[in-house]
Amino acid sequence: MDILIWNKILNPYEIAVREIVYKLDRLKEEYRLNGQYCPIEEVSGRVKSISSILDKLHRKDIPIEKMEKKMEDIAGIRVICQFVEDIELIVELIQSREDMKVKTIKDYVKFQKSSGYRSVHVIVHYKVHTLEGVKKVPVEIQIRTMGMDFWATIEHSLQYKYKRDIPEHVSHRLTKAAEAVAILDSEMSAVRSEIMDAQVSSQLLHHQVEEILFAIENLYTAASKREIQKIQDEFYQVYERKDMNALRRFQRQLDMISEGYRTQAVSEKDRKEPQKYDIT
């Protein structure tokens with residue numbers, strides 16, 4: 001199998017990864033714009049390198065011609081969340097989508113691996129449109145907390161270093177670290193509601209500030225420099241209080257000012273236009 005054929009085979013997987021990452025990122029943005037807590041913290045994706053594919057084929061004794069049928073993790077998406085409870089929410093989000101069909105779910109959180117590895121793996125089938133038609137591509141979506149991801153990243157590096165034969169003393173340390181991560185996740189879950197409330201409040205504040213600054217920017221072409229400066233100074237005073245109700249009132253005042261300038265502009269335009277006569 002030469003390089004050109006490899007590229008042709010892997011291209012649909014590349015497309016699937018790019019599209020799914022983009023869609024999940026847009027979903028995050030929707031949550032933010034609606035002032036809602038999003039269970040997704042971070043999304044990334046990758047297609048296995050050719051060397052990694054060959055290593056797995058050799059390790060699992062899979063004939064190369066059966067690679068696409070036997071390997072379901074050529075395309076991989078990693079979804080990071082803050083809390084263990086978020087994992088189930090993300091699984092439900094994936095199951096509810098019409099652009100991907102869930103094939104299998106492997107729960108290594110409830111049924112932790114002996115190494116200490118914890119994560120939920122969801123295999124989905126995703127349709128990719130190529131020049132040669134539609135291809136159904138398997139994609140593995142790994143969902144884990146930030147703590148789980150940190151542990152898994154370290155463990156993966158050590159597996160690579162020791163060629164999957166980690167010394168016993170290192171393995172013991174990894175197991176202890178996995179236990180510590182589980183305790184950390186449990187402690188974070190205990191204050192989950194407080195953290196969620198704080199983060200949603202912060203998102204609402206940022207969104208309100210963006211809208212106000214955009215409204216002030218739109219006034220630049222209509223209002224005088226002196227008036228813009230006065231409005232900005234008033235905004236900074238309100239912003240320092242971090243009071244959402246005050247910011248909303250300020251936003252409404254800006255809307256009224258903007259509407260006044262729009263009405264004035266329309267009136268001036270009507271006065272400048274020459275009067276038309278109907279000549280019959």
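**Strand pairing, a buried histidine and two loop residues**

A75 has V139 of β5 as its bridge partner. This pairing belongs to a predicted model, in which strand β2 (residues 75-81) and strand β5 (residues 133-145) run parallel and are joined by seven bridges.

V139 also appears in a second pairing: within β5, it is the bridge partner of V124. Here the strands concerned are β4 (residues 120-130) and β5, which run antiparallel and are linked by 11 bridges. The connection between β4 and β5 is a hairpin, with two residues between the strands. β5 thus pairs with β2 in parallel fashion and with β4 in antiparallel fashion. In a regular strand, side chains alternate between the two faces of the sheet.

Attention now turns to the helices. H207 lies in helix α7, which spans residues 192-218. Its relative accessibility is 19%, and because buried means under 20%, H207 counts as buried. When residues up to four places away in sequence are set aside, H207 touches R32 and L33.

Two loop residues remain to be considered. D61 is located in the loop between α2 (50-59) and α3 (67-70). Its phi is near 55°, a positive value in a residue other than glycine. With a relative accessible area of 68%, D61 is exposed, because the threshold for that class is over 50%.

K242 occupies the loop between α8 (225-240) and α9 (244-272). K242 is not a glycine, yet it has a positive phi of about 55°. The relative accessibility of K242 is 46%, so this residue counts as partly exposed.

Definitions and conventions: Residues are numbered from 1 along each chain as its sequence is written. This is a predicted model: local features need pLDDT of at least 70, side-chain atom pairs count only at pLDDT 80 or more; totals for chains, interfaces and linings use all residues. Side-chain values use heavy atoms; hydrogens and water are left out. Helices (H or I, at least four residues) and strands (E, at least two) are DSSP runs, numbered from the N terminus. Buried means under 20% relative accessible area, exposed over 50%, partly exposed in between (1.4 Å probe, protein chains only). Contact means heavy atoms within 4.5 Å. Two strands pair if DSSP finds at least two bridges between them.
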